[in-house]
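Colleague: Could you walk me through this model? I would like to hear the reasoning behind each label.

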Amino acid sequence: MEGQETKKRMLSGIQPSGDLHLGNYLGAIKNWADRAEDYECYYFMADMHTITVRQEPADLRKRSLNQLAQYIACGLDPEKNVLFLQSHVPAHAQLSWVLNCYTMFGELSRMTQFKDKSSKHKDNINAGLFTYPVLMAADILLYQPDYVPVGEDQKQHVEITRDIAQRFNSIYGDVFKIPEPFIAKTGARIYGLTTPGDKMSKSIPEGCVFLMDKPEDIARKFKRAITDSDSEHCVYFDREKKPGVANLMNIYSTITGKTYEEIEKEFDGKGYGVFKPAVGEVVIEQLRPIREEAERLIKDKAYLNDVYLQGAERAAYIANKTLRKVYKKIGFYQI
Ligand code: TRP
């Protein structure tokens, strides 16, 4: 990446908390491959964040590798992006401790995610859940990024990161770049096939198309997709009256590039019995090469390990520079 200093830097973390699905793909990941043209991109699997809720160790270990394979299969090229695992770069934990001492109890208490998660996991309101945003601030500030692409639910975390950085800079001078949240060019917003009022989610697997689903499973899920109860069975776009049909049209349109008008014409007089499997078919063909590539990569553990190893090396190089500066500024004795 030397000689590309003019590119702005972007960094984002992804929780290896489950299998990727069509909503993740069409809504976000699909657009990431192109970003590397314009930005210097860092992505890491936030395994340290996942343990704020209890994890099965074997699952976490497996997901950390599988998810890397899936991202690469979606087009995230390890040659063009720095891909790494959070726990492989100790500077995250190290800076996190320091920043804990520059973050106020009160401001952490006000974080909506903490309030949500502590009400959901009443039996495990651990300190990590509380200081989660501090680790996230460390993740970000170590790399001095210009932008942090996040979804709506994570914006408050970027805000607190900016507050912490500003507080630190106001004491010690310009140590941290103040990052901006990056609101991605909106990908498609995909809803659950059985719950067209809610975003597609892995918690409702029957309405959720996973990237690793076999073609026959995808076909079945689309055949069972909720449309509506009107008897005309007519394919037209009306988000209010026909949310299920609108969702399917959106999926079809995003993949094929066809407009809603073209789709209405294509299925004019054909009914849902033809429309639903047709959407399933384009999804199957879109996901087939991704699944096959991910399956191939998962078998090539040596390659994935090497991606993680090289990613961690490149990441640590930048992260350690920031950490050394911080240690020096706060008065940790250097030898
Ligand atoms: N908290 C983010 C999420 O749940 C994941 C994350 C961890 C992250 N560290 C980050 C995102 C740093 C952006 C930057 O989605």
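Modeller: Gladly, and please keep in mind that this is a predicted model. Let me begin with E292, which sits in helix α12, residues 272-299.

Colleague: Why is E292 called partly exposed?

Modeller: Its relative accessible area is 43%. Buried means under 20% and exposed means over 50%, so E292, at 43%, is placed in between as partly exposed. As for distances, the C-alpha atoms of E292 and Y308 are 21 Å apart, with the two positions 16 residues apart along the chain.

Colleague: And what makes E79 count as exposed?

Modeller: E79 has a relative accessibility of 67%. The cut-off for exposed is over 50%, so E79 qualifies. You will find E79 in the loop between α3 (57-73) and β3 (81-85). The C-alpha atom of E79 is 39 Å from that of A225, a residue 146 positions away along the chain.

Colleague: How do you know that L129 is buried?

Modeller: The value for L129 is 3% relative accessibility. Buried means under 20%, so L129 counts as buried. L129 belongs to helix α7.

Colleague: Which residues does L129 touch, leaving out those up to four places away in sequence?

Modeller: They are T52, F114, K117, S118 and N124. A contact here means heavy atoms within 4.5 Å. L129 and T50 are 79 residues apart in sequence, with 9.6 Å from C-alpha to C-alpha.

Colleague: Let us turn to the ligand. Which residues are closest to it?

Modeller: The closest are G13, Q15, Y132, D139 and Q154, out of 13 residues that surround the ligand.

Colleague: What makes the pairing of the ligand with Y132 a polar contact?

Modeller: The cut-off is a pair of N or O atoms within 3.5 Å. A nitrogen atom of the ligand lies 2.7 Å from an N or O atom in the Y132 side chain, so this pair meets the cut-off. For D139, a ligand nitrogen is 2.7 Å from a side-chain N or O atom, and this pair also qualifies. With Q15, an oxygen atom of the ligand is 3.2 Å from an N or O atom of the side chain, which is again within 3.5 Å.

Colleague: How much of the ligand does the protein bury?

Modeller: The protein buries 89% of the 370 Å² that the ligand exposes when taken alone.

Colleague: Which elements give two or more residues to the shell around the ligand?

Modeller: Those are β1 (8-14) and α7 (127-141). The largest share, four residues, comes from α7. By class, the shell has seven nonpolar, five polar and one charged residues.

Colleague: Now the whole chain. How many helices and strands are there in the protein?

Modeller: The protein has 13 helices and five strands.

Colleague: Why is the protein called as compact as a globular protein of its length?

Modeller: The radius of gyration is 22 Å, and the globule rule gives 20 Å for 335 residues. The two values are close, so the protein is as compact as a globular protein of that length. Along the principal axes, the C-alpha atoms fill a box of roughly 75 × 40 × 40 Å. Buried residues account for 48% of the 335.

Colleague: One last point: what is noted about the phi of Q144?

Modeller: Phi of Q144 is near 50°, a positive value in a residue other than glycine. Most residues other than glycine have a negative phi. Q144 is found in the loop between α7 and β4 (147-149).

How values were computed
Residues are numbered from 1 along each chain as its sequence is written. This is a predicted model: local features need pLDDT of at least 70, side-chain atom pairs count only at pLDDT 80 or more; totals for chains, interfaces and linings use all residues. Side-chain values use heavy atoms; hydrogens and water are left out. A residue is near a molecule or strand if one of its heavy atoms lies within 4 Å of it. A polar contact is a pair of N or O atoms within 3.5 Å; within protein, one must be able to donate a hydrogen and the other to accept it, and residues adjacent in sequence count only if both atoms are side-chain atoms. Accessible areas come from the Shrake-Rupley method with a 1.4 Å probe; for residues, only the protein chains shown count as cover. Ala, Val, Leu, Ile, Met, Phe, Trp, Tyr, Cys and Pro count as nonpolar, Asp, Glu, Lys and Arg as charged, and the others, Gly among them, as polar. The radius of gyration is taken over C-alpha atoms; the globule rule is 2.2 Å times the number of residues to the power 0.38. Buried means under 20% relative accessible area, exposed over 50%, partly exposed in between (1.4 Å probe, protein chains only).
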